[in-house]
Structures are given as structure tokens and as C-alpha cells.
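Visitor: I like to see each label set against its cut-off. Could you take me through this one that way?

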Amino acid sequence: MKFGHFDDDAREYVITTPRTPLPWINYLGSEAFFSLVSHTAGGYSFYKDAKLRRITRYRYNNVPADSNGRYYYIKEGSTIWNPGWQPTQTELDFYECRHGLGYSIITGKKNGLAARLELFVPVGDNCEIDRLVLTNESDVPKSFTVFSYVEFCLWNAVDDSTNFQRNFSTGEVEVEGSTIYHKTEYRERRDHYALFTVNTPIDGFDTSRDAFLGAWRSNANPEVVENGRCTNSVAHGWAPVGVHQVNVTLQPGESRSLIFVLGYIENPEDEKWAAPGVINKTRAQAMAARYATDAQVDAALARLHAHWNNLLSTYAVRSSDEKLDRMVNIWNQYQCMVTFNMSRSASYYESGTGRGMGFRDSCQDLLGFVHLIPARARERILDIAATQFPDGSAYHQYQPLTKKGNMDIGSGFNDDPLWLIAAVYAYLGETGDYSILDEPVDFDNDHSLAQPLLEHLRRSFGYLRTHKGPHGLPLIGRADWNDCLNLNCFSDTPGESFQTTGPSEGPVAESVFIAGMYVKYGNEFAEILDSTAHTDEAAAVRAEVAEMEHTVLTAGWDGSWFRRAYDAYGHVVGGQECEEGQIFIEPQGMCVMAGIGVNTGEAVTALQSVKDKLDTKYGIVLLQPAYTKYHLELGEISSYPPGYKENAGIFCHNNPWVSCAETVVGHGDRAFEIYKKTCPAYIEDISEIHRTEPYVYSQMVAGCDAATFGEAKNSWLTGTAAWTFVDVSQYILGIQPTLAG
Ligand code: BGC
């Protein structure tokens, strides 16, 4: 069953009912100002960092309720409705949402009045434009009232949910003309405020949420809208909102557009004030003036379209399969841009307050992004590398605003360093810009420790070279790619973090997966060394790699597939002798991609085992048999119910590894079959089972052990985007950038 359809000419997904299984969202903005917008106009906006500079408030854990957004209420007579159906949920005569590249268009019609809401973030500016075009499609004159609504977040979204006793007293606004300014904390330490404006004189405003909603009411039935009149409330503390009232009369056939701008402004310290207590509005007024007319908005939209046309012209395919074309040419690349920008921070499933940018995540996201805007990939590589420690290990995460490593999670994920090599190799292959290797980059964000980027790669490889366990395989530390395989954690206390409990240094648990990475990215490092005239060092790296390859084919080989790991007791994980978790997907894909066992037959055998033991109609599950009991020595992986997440879910991220691997052994058709199983466009028809957006990948699809087999979760922010693009563009379609060209 479908809830809409693709419009490939317009490069849009068209949702034709608001009653989708879950909120189906889009991302606006791809530089500094970002908005999430659902098909019912839910979502929120932020500047650079959804934790530290959140502009509008969202209520967490809110799927599927999706209950805050930028809402436009229309009151005609006693009928109150929203073009996006939410939050009043008044039945519409027509509803449509078109999610496009960097914009969304939501259209609702009721009783002969059409409301078309276009939302986008202009290229090069820090604001969201919401243009509401109202058309009287009836044959009688119509008079009605429009109320806008956003709720401001008091900037730090963590305080907003943990220290609201403070926030209840800090909120401050100013209202001047048609513009509402949100200036909480600007008086002391902040240099930024938000504005919400409309390009017409208004008939009223509200800035106090309590005044707007009325006592004991919700967004679904605001008292002000019911009364048809704003109260001109000025918020002092509690929850500041931005509400405009615009009274409209339209003759039959007549249209009127209202342009709303939600913006973010920073002022230099010496230009903060216009008068004591009155903020300097010059920049805000200039911003409003940039989008005051339809012609200006049309021009900004045209620039946005041109921007995307240009980006997507770098890699395009024309085949006889329209689903393949639409994924490669539009949606997969679009999602790569979003994952590059967001890492795993802000989505409907990620709070935006926790993870920030992941070291391994961002390095991998770059693999699917580097061809789009190489200059931004370059900058990102340097930012990431600056969070590496001098010994080659790395902070697992960092905040995008400060670019500083996140101490809460710290280090000790031993795959992290090798992903940096993957990212730099991809950048060099795409651009040939070797100057990046000479770029001085801090260690631990400490400038006095800066070294050329090449030295960072050397330490990445060196960290794994010097961190091997009893079998000669790399030590796993807190976890490798699989965050939930925590072999040194041994947690029996509820609520303890599986990722930070237990030591990362000391114990002997080893990872065959990291061994596969060591071979693949060790070889790439050797190529980089060769191309920069470090031939002897390259040979030494290759000797190390050859030794590891041998170790994988002995200690890491189980007879019919690659083992997953050795636990802290030295017991095999992912082998025949294991009752549960006998075979895992990750080492099969990675080791074969690395070329291990390709000439000696193990590669083909391992991939056959994947097909026999892990394959399902909706994709390849992560492991089998699923863990039915909690294994203290394995950690979080065995804490999930069978079939979910890392415990035998279809973790979409590593399906493309197997697809890539199949091409390495010459099985092109099988590679494409795997590609199609998780690819959104091919499973659009089962949207009622899959449930997440049919135009983007989700992190996980419930596996065959799950009660909800086939149901996806955690859409948008997943390494699946980059890896499926690498798979389809480089391995299946076969355009591979190498250092030689
Ligand atoms: C994390 C990745 C990790 C994956 C598998 C994701 O949630 O962002 O870093 O590789 O889970 O555990």
C-alpha cells in the first residue's frame, strides 16, 4: 500500500494523505540554518547545532504525535483548519505534501479556499521562508483570518528539558511592527536572537503561549483562534511563541500571498543594542527586506533549484530501471547531503541534543558526499581529524558548533581511527588534492599539538598496529562499528551506558571486523604513502597488512564464514560453536571488500553462508540465531529483543557491504538483488509494513525473528545513505575513483 507517489520530473515525493504511518519528513537547509519539516508542517529549526542553538521548540519522543511545528491556522466562520491538517486535524477537501530537494510544499483546501504553503531555507541565508498562498476558488467573496504559530526554544535544548524551572522565568521578546523578536538571554551572554515576521501589517499578535492557547488547551484548539482575535500578549518567562493575526478578504478567483520569515541573527558585541534594553534590529530588518516580495522569494527558490541541479549533475545514471535512476540521481544523493550535515544528531528519532557528530559516522558519511561539494568534505576531514588524540585514537563524537570532542562518551572505539583513512582516501580519489595531507591539524583540539594530516593517518594505522590481542587481531576497545557489541563492558546495572561502562584499554577482546578494515584501509594508506613518495613506509604497511590477512584467514576463519570477534575470555563470537550469534554480517562484507580470501575461495564461501543463513525477503539480518538471553560478556547487542536493532535486525548500513563484496567476487546480479531489497523506491508498495518514508533509507528494518518483520525504524540519519551510494555508484555501476584517476 502506498500513501503517495514519486514525481521524478519535479524530483519530489508527493504524499496524498496526512494519515501516513509515521511523520514523513524533509530537511530544509544545507549550510548553517536547518529545519526539519514533516508532511503536516511539524518539526523545528536550528542554527548549526540542534542542541546549543535550537530556535523552535520540539517535544521529544514524539513519533508519531509530531505535535509542534510552524502552524498556520485558518478561521473562516466557525471552521478552523490547517493546510497541513495538523494540529486541528480538521478534515480537508484536498491535501497534498510535496517533499522536494531542500523545500516542501503543503497544500490544503477547505470550503473553496486553497492554502498552499511553500517552505524552504534560502541558499546562503539563515532563515526559513514559509510562503502561504491563499486562493479563493469559490464563486463568492471570502473573509477569513490567518494565525501563524511557532514556539521558541530558549536556545539550549538540553536546558529546555532538564532545567526548565529556570527557563520558566527567562523568556523575553520584543514586538515591533509585524516582527516578533525572541531575545532570551541576549541581555547578558548571548549575541544572537531569532525573529518571526510577515510581509504585511498585522491585525494582532501573541507571544505568550498561555495567552494563545488558553488554559488547559493544546495546539489543536487555541483559544485565540477560536475567538478569532489575538490578545497582543507580551511574554515574560514561561513559553514565548510567535503568533501573527492577518485578516484577509478575497474575491472569487483572487489570490494573496503572505511571506513569513523565521530567522536567526548574530550581532557583534559592540552592535548589540539600539537603546538600553532594545536590541539592534538592523540585520533582522535587512533579512526581512530580502524576502518581502513574491519576486524575491521566487528568485531565492530559483537559486535553490539551481544549487541542486548543479550538485546532482556530478553523478547521474540513465538506465532502463526508473527506480534505480530515481534513487541514484535524486534521493540517495539527497540523503547523503543530509547525513553529511546532520551526522546522527537531529531527526525525528535522534534528539539533536545527544550525539552531535560521530567520528566514524561522519567519516563514512563523507564517502557518499565527497563528490557533491569536495571543499566542504575537505573542511570536515580537518575538523574530524582535530578530535583525534596524539596516540591515534579519537573522540567518538563532537559538537558541530564548538567542534570540540565530547568528553561524556570519550574515546576507545577502536574502529574509529581507520575510518579517517577511508575518508581521506575517498577525498584524494575524488579531487587529487594532495595538499590536504600537508595541512597542519590539531590533536585533541590543541593547536600546540598540530601535525600534518598525513601524520594523523600514520597514527590512525599505528594505533591499530600497536593494539592487537592474543590472536594478533585488533583489540576491540569499547566497540567497533557495532556499537552494541560491548565485549569489555560486563554491565549488570540498569541504566548504565553500555558504551562507556568498563575499560577500553587492558582487556583482550578482539575484532575480526576491525581486522578487515585494517586490511582494506591499510592498503589504501599504503597507496597514499606511495603517491607521496613514502615508498619504504608503504612497503612496511603492506607487510603489516599481509600478516593481518593471514591472521584473518586462520584465527578469524570459522570454516564457512569469518568469525566476528574473540570476547574478553578469548571465546569465539560468531562461530559454529556459539549457540546464539553463530554468524554475523559485518566481517563477511568488510573482509571480502578488503579482498581477503578472494583468491583462495573463502570469500565466495563466506558470501554463500550469508545467503544461506542471513538473507530474508526484506534484506540481510545482522546475525543468526538471534540472542534470546542477555549475555553479560557481549553487552547491549543481547539486550534487544530478537530481530531488533543489532540483535538480528536488518541493519541497512551493512547490507551494502555484502552487495559490494558480491561484486568483488563477480556476482553482479546478486549484488543488485541485495541492493534492491532495502532500497526505498523498490519497497514503496509495502509502505504500510515499512512505515518510514519511502524516499530515504532507515537505519533498521525489523528482522525475521521480530514480531514486526519488515517494519523500518530511525529514518534518514544512517550510514546506509553513504554506503548504498558507494555500492551503487562505484561497485554496481562501477565508476570507481582511485588515486590514479
Ligand atoms: C551508530 C553507528 C554504529 C551503528 C551500529 C548507529 O546508531 O551511529 O556509529 O556503527 O549504530 O551499531
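Guide: Gladly, so let's start at the ligand.

Visitor: What makes the approach of Arg360 to the ligand a polar contact?

Guide: In this predicted model, a polar side-chain atom of Arg360 lies 2.7 Å from an oxygen atom of the ligand. A polar contact is a pair of N or O atoms within 3.5 Å (within protein, one must be able to donate a hydrogen and the other to accept it, and residues adjacent in sequence count only if both atoms are side-chain atoms). The 2.7 Å of Arg360 is within that limit, so the label applies. A polar side-chain atom of Gln699 lies 2.9 Å from a ligand oxygen, and a polar backbone atom of Asp483 is 3.0 Å from a ligand oxygen.

Visitor: How much of the ligand does the protein bury?

Guide: Taken alone, the ligand exposes 310 Å², and the protein buries 95% of that. Such areas come from the Shrake-Rupley method with a 1.4 Å probe; for residues, only the protein chains shown count as cover.

Visitor: Which residues are around the ligand?

Guide: Among them are Arg344, Arg355, Asp361, Trp481, Asn482, Glu646 and Phe651. A residue is near a molecule or strand if one of its heavy atoms lies within 4 Å of it.

Visitor: Before we go on, which ground rules apply?

Guide: Residues are numbered from 1 along each chain as its sequence is written, and side-chain values use heavy atoms, with hydrogens and water left out. As this is a predicted model, local features need pLDDT of at least 70 and side-chain atom pairs count only at pLDDT 80 or more, while totals for chains, interfaces and linings use all residues.

Visitor: Why is the pair of Asp480 and Arg564 called a salt bridge?

Guide: Their side chains come to 2.8 Å, N to O. A salt bridge is a side-chain nitrogen of Lys or Arg within 4 Å of a carboxyl oxygen of Asp or Glu, so this pair qualifies. The two residues are 84 apart in sequence: Asp480 lies in the loop between α11 (453-465) and β26 (510-511), and Arg564 in the loop between α13 (535-554) and β27 (565-566). Both Asp480 and Arg564 are buried. The helices and strands here are DSSP runs numbered from the N terminus (helices are H or I with at least four residues, strands are E with at least two).

Visitor: How many salt bridges are there in the whole structure?

Guide: The search finds 51. One of them joins Arg283 and Glu271, whose closest N and O atoms are 3.0 Å apart. Arg283 lies in helix α5 (residues 282-290) and Glu271 in the loop between β19 (255-266) and β20 (273-275), so the pair ties together parts that are 12 residues apart in sequence.

Visitor: Is Arg283 buried, partly exposed or exposed, and what makes it so?

Guide: Arg283 has 33% relative accessibility. Buried means under 20% relative accessible area, exposed means over 50%, and partly exposed is in between (1.4 Å probe, protein chains only), so Arg283 counts as partly exposed. Glu271, at 33%, also counts as partly exposed.

Visitor: How do you know which class Lys677 belongs to?

Guide: Lys677 has a relative accessible area of 19%, which is under the limit, so Lys677 is buried. Lys677 also forms a salt bridge with Asp615 at 3.1 Å, N to O. Lys677 is in helix α17 (residues 668-678) and Asp615 in strand β30 (residues 615-616), 62 residues apart.

Visitor: What makes helix α14 count as mostly covered?

Guide: In α14 (residues 586-593), 8 of its 8 residues are buried. Gly595 follows α14 and has a positive phi, near 90°.

Visitor: What is notable about the backbone at Asn232?

Guide: Phi of Asn232 is near 55°, a positive value in a residue other than glycine. Most residues other than glycine have a negative phi, and most peptide bonds are trans. Asn232 lies in the loop between α4 (223-227) and β18 (240-250).

Visitor: Which peptide bonds are cis?

Guide: Among them are the bond from Gln86 to Pro87, with omega near -5°, and the bond joining Gln624 and Pro625, with omega about -20°. Pro87 is in the loop between β8 (79-81) and β9 (94-99).
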